[in-house]
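Biologist: I would like to learn how to read a model like this one, feature by feature. Where do we begin?

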Amino acid sequence: MYTVRNITEDLYWVGANDHRLHLFENIHPIPRGVSYNSYLLMDEKTVLFDTVDWAVCREFLNNIEHVLDGKDLDYIIINHLEPDHAASLDEVLMRYPNAKVISNERAFMMMRQFGFAIDGKEIEVAEGDAMSFGKHEITWVAAPMVHWPEAMVSFDTTNGVLFSADAFGTFGALDGKLFADEVNFDRDWLDDARRYLTNIVGKYGSFVQDLLKKASTIDIKMICPLHGPVWREDLGYFIDKYDKWSRYEPEEEGVLIVYASMYGNTEYAAQTLATKLCKRGMTNVQMYDVSDTHVSYLVSEAFKYSHIVLASVTYNLEMYPVMHNFLNEIRMLNLQNRTVGIIENGSWAPQAAGEMEEFLDEKMKLMDVLSGEVSIASSLNDSTDKELEGLADAIMDSFEKIREDKKNA
Ligand code: FEO
């Protein structure tokens, strides 16, 4: 059996979906599954763009066999060597021993590290090289660190199709759909797209920017990523999101409140702050319990919103360990340029505020910590409620200032 879809008259999606994998890269939850996209071009020569994860190899092979319809496979282009896309290369080469593998020097080195039997099959290409396969000519553009150093993208100069590797990918299985215009992307996919990009490639924003600059010089009509929907309409919408995320620019004016609470008192303070913000007119407020939310979601939300409030109990004279983990994740992923408010709680020696501020000042870039940290002794009282009023005012003032700065820019 096979499950394939036409992209153009001679280009087919031959990938597969996976709902059984719970953790992408064994770390990020994917409750909506994931797709491994592979594409087969039926020109005078037959060309496969990347393979799939080993978990779905069987249906992938069936798909290839169906589309080839008795023809041999001539070429396999490996844009990205990570095993979720290249793990099935050996199996494809065993079934199609005449196929040549087109990739770059670094990718071939990694193929040998992974133990792929590619000797005598390599065709090495570098940025700017091009090959004709009949009607279609493909040229290659290096995309280092999007997401591994060997990554490249392939561009079909004949019809404007960009095979973008991990770039423009998202979590989420396709489940029959293929094109972004067949789904309500903004409503149903955008959060997973952001969570994918920020957690997988967030650290390498400058490399994503390099790729976007190169992409702006070519006439792209369609984007075929290695995960998630294919883009054939409104490409600018998604390119703009990638541009914002990779520049660490907030997508929305709003407040993300991440709280660490042991017995509910810090959570109550966070709720009280949220209420004060909403009363002042800022209703784009999202709250998360850091102990109960996978950090990949918190990372994604931190990339989305302009303001972050950290509310943490003190634990063993330090900030709460799970809060530390969250901060360490956004540090590692290079998040910057956010306005941050701080709330601490401690029943005898509160330390979390100082620790969080020190972390933001010393380990992260361009994190503007608002003055007026709130220090709660066990539970909110009249005095600390006033401090929360002050924090809410400071947050609203900073929105005003950001708007003024934008106006004057
Ligand atoms: Fe989907 Fe970097 O692999």
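Modeller: With the strands. A strand here is a DSSP run of E, at least two residues long, numbered from the N terminus. T46 lies in one of these, strand 8, residues 46-49. Keep in mind that the model is predicted.

Biologist: Is T46 buried or exposed?

Modeller: Buried means under 20% relative accessible area. T46 has 1%, so T46 counts as buried.

Biologist: Which residues is T46 in contact with, leaving aside neighbours within four places in sequence?

Modeller: Contact means heavy atoms within 4.5 Å. T46 touches L41, L68, K71, D72, L73, D74 and Y75. Take D74 from that list. T46 and D74 are 28 residues apart in sequence, yet their C-alpha atoms are 5.2 Å apart in space.

Biologist: Now helices. What span should helix 7 have?

Modeller: The expected span is 1.5 Å times one less than the number of residues. Helix 7 covers residues 235-246, 12 residues in total, so it should span 16 Å. The end C-alpha atoms lie 17 Å apart, which agrees.

Biologist: Which residues of helix 7 are buried?

Modeller: First the general idea. An α-helix has 3.6 residues a turn, so residues three or four places apart point the same way. In helix 7 the buried residues are L235, F238, K241, Y242, D243, K244, W245 and S246.

Biologist: What do the buried residues of helix 7 pack against?

Modeller: Three helices and a strand: helix 5 (185-200), helix 6 (205-215), helix 9 (295-304) and strand 16 (222-224). Just after helix 7, Y248 takes a positive phi of about 60°.

Biologist: How many disulfides are there?

Modeller: The test is a pair of cysteine sulfur atoms within 2.5 Å. By that rule the count is 0. Cysteines can still be read by accessibility. C224 is buried, at 1% relative accessibility. C278 is partly exposed, at 33%.

Biologist: And pockets?

Modeller: Rolling a probe the size of a water molecule over the atoms shows where empty space is left. Here the largest pocket holds about 310 Å³ of space. Its lining has 17 residues, with M262, T314, G346, S347 and W348 nearest the centre.

Biologist: Which element gives the most to the lining of the largest pocket?

Modeller: Strand 19, with 3 residues. Helix 8 (265-279) and strand 19 (305-315) each supply at least two.

Biologist: How do the lining residues divide into nonpolar, polar and charged?

Modeller: There are 8 nonpolar and 9 polar residues in the lining of the largest pocket, and no charged ones.

Definitions and conventions: Residues are numbered from 1 along each chain as its sequence is written. This is a predicted model: local features need pLDDT of at least 70, side-chain atom pairs count only at pLDDT 80 or more; totals for chains, interfaces and linings use all residues. Side-chain values use heavy atoms; hydrogens and water are left out. Buried means under 20% relative accessible area, exposed over 50%, partly exposed in between (1.4 Å probe, protein chains only). On a 1 Å grid over the protein atoms alone, a cavity is a set of points where a 1.4 Å probe fits but cannot get out, and a pocket is an open set with protein on both sides within 12 Å along at least five of seven lines; lining residues have an atom within 4 Å of a point. Grid points are joined across faces, edges and corners, and a volume is the space filled by probe spheres set on the points. Helices (H or I, at least four residues) and strands (E, at least two) are DSSP runs, numbered from the N terminus. Ala, Val, Leu, Ile, Met, Phe, Trp, Tyr, Cys and Pro count as nonpolar, Asp, Glu, Lys and Arg as charged, and the others, Gly among them, as polar.
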